[in-house]
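Okay, thanks everyone, I'll keep this short. I want to talk about internal cavities and then one helix pair. Let me put the model up.

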Amino acid sequence: FPFPYTPYGIQEQFMEALYGALEGGRVGIFESPTGTGKSLSLICGALSWLRDLEEKKRQEEARLLEGLSPAEPECTGTAGEPDWVTAFVQKKEERDKVDRLKEEQIRRKKREDRLEKIRHNVQLKYTAKRKRSEEDETKRLLQLSKEDLSQGAGVDVLEQLDHNEEELILAEYESDEEKKVVSGLEEDDDDDLEEEHVTKIYYCSRTHSQLSQFVHEVQKSPFGKDTRLVSLGSRQNLCVNEEVRRLGALQLINDRCMEMQKNKHEKKSDEENEGKKRRVGRAICPFYSYEQMQFLRDEVLVEVKDIEQLVSLGRETKACPYYGSRYAIPAAQLVVLPYQMLLHEPTRTAAGIKLKDQVVIIDEAHNLIDTITCIHSAEVSGAQLCCAHSQLSQYMERYRKRLKAKNLMYIKQILYLLERFVAMLGGNVNQNPGCQAVSQTGTVLKSINDFLFQSQIDNINLFKVQRYCEKSLISRKLFGFVERYGGPATAVKTNKENQKLAGLQNFLLTLQQGSDKECDPPVEAENDQLRTASPLMQIEGFLSALTNANQDGRVILNRQGTVGQSSLKFLLLNPAVHFAKVVEECRAVIIAGGTMQPVADFREQLLSCAGVDPARVMEFSCGHVIPPENILPIILCNGPSNQQLEFTYQTRDLPQMMDETGRILCNLCNVIPGGVVCFFPSYEYEKQVYTHWEKTGLLTRLATKKKIFQEPKKANQVEQVLVEYAKCIKRCSQAGGQMTGALLLSVVGGKMSEGINFSDDLGRCVIMVGMPYPNIKSPELQEKMAWIDKSTPRAAGPAPSKMLIENLCMKAVNQSIGRAIRHQKDFASILLLDHRYARPAIFNKLPQWIRERTQVKPAFGSAFAELRKVRTSVLCTA
């Protein structure tokens, strides 16, 4: 196979390590800085192993079916049982196994024949398309007939409610016990629904764009034509119903989709009750057709498709890609999905993902711990709590007579929870949160149990409340209610019932505009969130987070100037508790990335805490495909004026330190062509240095050689800055002259430190100013440090909390400096401006391919000479 490592002799080592991890059922930590080549090598190797496994399985099945099992069982009776009983049990087990194998072979043969028929018989597609057109026409004619009948007969209306308002009523909540629900299935007698999950590979990455890029590489690989690949995504990415897509927010799309499913299932029972009053017709998704989704499933399995191609196919076939792709999971060999979907157990279960004895490959896993922590953390503001309480109160008053007893009971429990949460922030739900001043400001951390006891909600079963919110779709009903009556432009009728809704309108208006002039106006982003989604949706996530074990998380009470600005946040301390389920179920787990150093965090915080045997964990680190002379990493200890470079919190603000940094950049920009990317520890420090350079005139000197760009804080402006940066470099390289390129001032951990490729002239030099240590005074980080010191076994050397701080710093550094070298013929220089990088504990946490080639330069003169020498040799080679 065309692995990218072949020219450098890595292929055999890589394949040997990968096969060893898969065969041995291990947790492998693979580091390889070659981007897409690494991902493709992992999958090609894993698929090759999967083919071998399937072939071995078929050979074993053939031996069993032919009665040629390697050895007959000895008929020796167990204690207390005669030999004939033992022999009978063993023979029965063999017969049962053979029967299962025969059934599996029949299913497999049926599936392969069906897919082969679809693959080669194009006429089937045209037949299916024509059939869909005929069905659509029939449905349209039936609808017209029903409308004609309804005009003559009239429509029953319950309790004088509008047709649209009928959809806002909560259905009767039948039970508190969680039921086993198979969503989206209309026919239970189809043999395909009984199909067992074949051994497969789940490939996860960070974003949909990375997955699409990966799928395109698989299409071009030797496995592209005969691999059954399924791309999974969220409803936001896969929904083809424009009415639902217009809702925008992911939670709203999810709730609306689930409501439409429920409406479709209720339709049959409504039609059967012809003699009774029939409820007003509710919206049903036209793409939620079982037959068409089965057709889409087969199309997905026949040919490799990415997310965009899957959506186009769904529109063409009028089938839901979200559920159609799920139906293809059991028969798929390779499932591609964002790792947020795999790491969140409820999402994993809802998608029908079964990890038992499967292989999981998590790519771009450098921020895996942060991702797990973020997924299972939640935050709600005081404004959201008060708004949700007002909305829910108005909803209950409006429909009290229409709600069943259990619905009323749970709504009252939710209202009580909201009251107590606001009380913990020092406020009252019946007053405007933007005008309620908080007497005691600051941040307080509490354990989950302490928070439940002090807020007086320890007697409420949060598991039942959470399950009720999920099953009843109350957040969606509430959002529809607010859409109808809560907007400022909505005209409120004068009847008695609608007059009660004036309070809700007034409350929402005060949140957006402020009821008094002396009240501070709410934050703009917060208003946007209130307008686009029901705050109850965010609160449901917080309630779910409170169901974690007491030792695994903390509740943070952040009291600011007003109740509206204050917030409650759940912080997950132990990500291993959620990752353990993945490791326990899977046959093998591969954690891969371009820069995985330092690996200690993965071993200690994820694997050891998850109970993984250290003998089961293996590490493999690849070298880079570039020649050694194509990269020049330098640790610079002193500047041009012999000022020691130590960017600590106490010294980095000194004028002489900022001046020295500017002199270094001026010298480098004189000799380095193309683009130079300079990373600062924070936005604040980057702004401070930029302002200082403006005053001293150093910025003007820099601008004579490089046009200066700054990384924006807003995500929607990043693309524009990058385009202008690239255009400037290209223009300078073509025109010549005094201007040689561009200088981009970026921030570690910002928008440009991950996922951006500064290849070729876009990044001929990457400069790291200081060491980006996290804010050690942060209450969240201090709690995390205390938890790690308590839960991690103490070994010789620094405390685990100190190691955590260093690891967080070096992970950020490694990600940032890895932006430059992006392909085999690329070349760049890397400058680390701080003498502390030369310390062995820090130096050893650099990626191996950089560490092996790094030079430590005590003086600037020798470093500058190396840079000029490399530039001269590169120009001569060119």
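I'll go through the cavities first and then the helix packing. Keep in mind that this is a predicted model.

So, how many cavities of 30 Å³ or more does the structure hold? There are 6 of them. I'll just take you through two.

Start with the largest cavity, which comes out at about 150 Å³. It has 15 lining residues, and the ones closest to its centre are Cys-239, Asn-241, Cys-257, Cys-285 and Cys-320. If you want to find the place on your screen, those are the residues to click on.

Which helices supply at least two residues each to that lining? That would be α7, at 235-238, α9, at 250-272, and α12, at 321-327. Of the contributors, α9 gives the most, with 3 residues. As for chemistry, the lining of this largest cavity breaks down into 12 nonpolar, 2 polar and 1 charged residues.

Okay, on to the second largest cavity. Here we have about 70 Å³ of space. Let me read the lining out in pieces. There's a group with Asp-601, Glu-604, Gln-605 and Cys-609, then Trp-787, Ile-788 and Thr-792, and finally Pro-800, Met-803, Leu-804 and Asn-807.

Again there are helices that each bring at least two residues to the lining: α26 (600-608), α31 (779-791) and α32 (800-817). The most comes from α32, with 4 residues. By class, the second largest cavity is lined by 6 nonpolar, 3 polar and 2 charged residues.

Now, two of those helices, α26 and α32, also pack against each other, so to speak, and that's my last topic. Their axes are 10 Å apart, and the packing angle is about 125 degrees. That angle is why we call α26 oblique to α32. And is the crossing left-handed or right-handed? For α26 and α32, it's left-handed.

Who touches whom? On the α26 side you've got Ala-600, Asp-601, Phe-602 and Gln-605, and they meet Leu-804, Asn-807 and Lys-811 of α32. Sorted by class, the residues in this contact are 3 nonpolar, 2 polar and 2 charged.

One thing to look at while the model is still up: Asp-601, Gln-605, Leu-804 and Asn-807 are in the helix contact, and those four residues are also among the lining of the second largest cavity.

Right, that's it from me.

Notes: Residues are numbered from 1 along each chain as its sequence is written. This is a predicted model: local features need pLDDT of at least 70, side-chain atom pairs count only at pLDDT 80 or more; totals for chains, interfaces and linings use all residues. Side-chain values use heavy atoms; hydrogens and water are left out. On a 1 Å grid over the protein atoms alone, a cavity is a set of points where a 1.4 Å probe fits but cannot get out, and a pocket is an open set with protein on both sides within 12 Å along at least five of seven lines; lining residues have an atom within 4 Å of a point. Grid points are joined across faces, edges and corners, and a volume is the space filled by probe spheres set on the points. Ala, Val, Leu, Ile, Met, Phe, Trp, Tyr, Cys and Pro count as nonpolar, Asp, Glu, Lys and Arg as charged, and the others, Gly among them, as polar. Axes are lines fitted to C-alpha atoms, for helices over the stretch in contact, and angles run from 0 to 180 degrees between N-to-C directions. Angles under 35 degrees count as roughly parallel, over 145 as roughly antiparallel, 65 to 115 as roughly perpendicular and the rest as oblique. A crossing is left-handed if the near helix is turned anticlockwise from the far one by less than a right angle, and right-handed if clockwise. Contact means heavy atoms within 4.5 Å.
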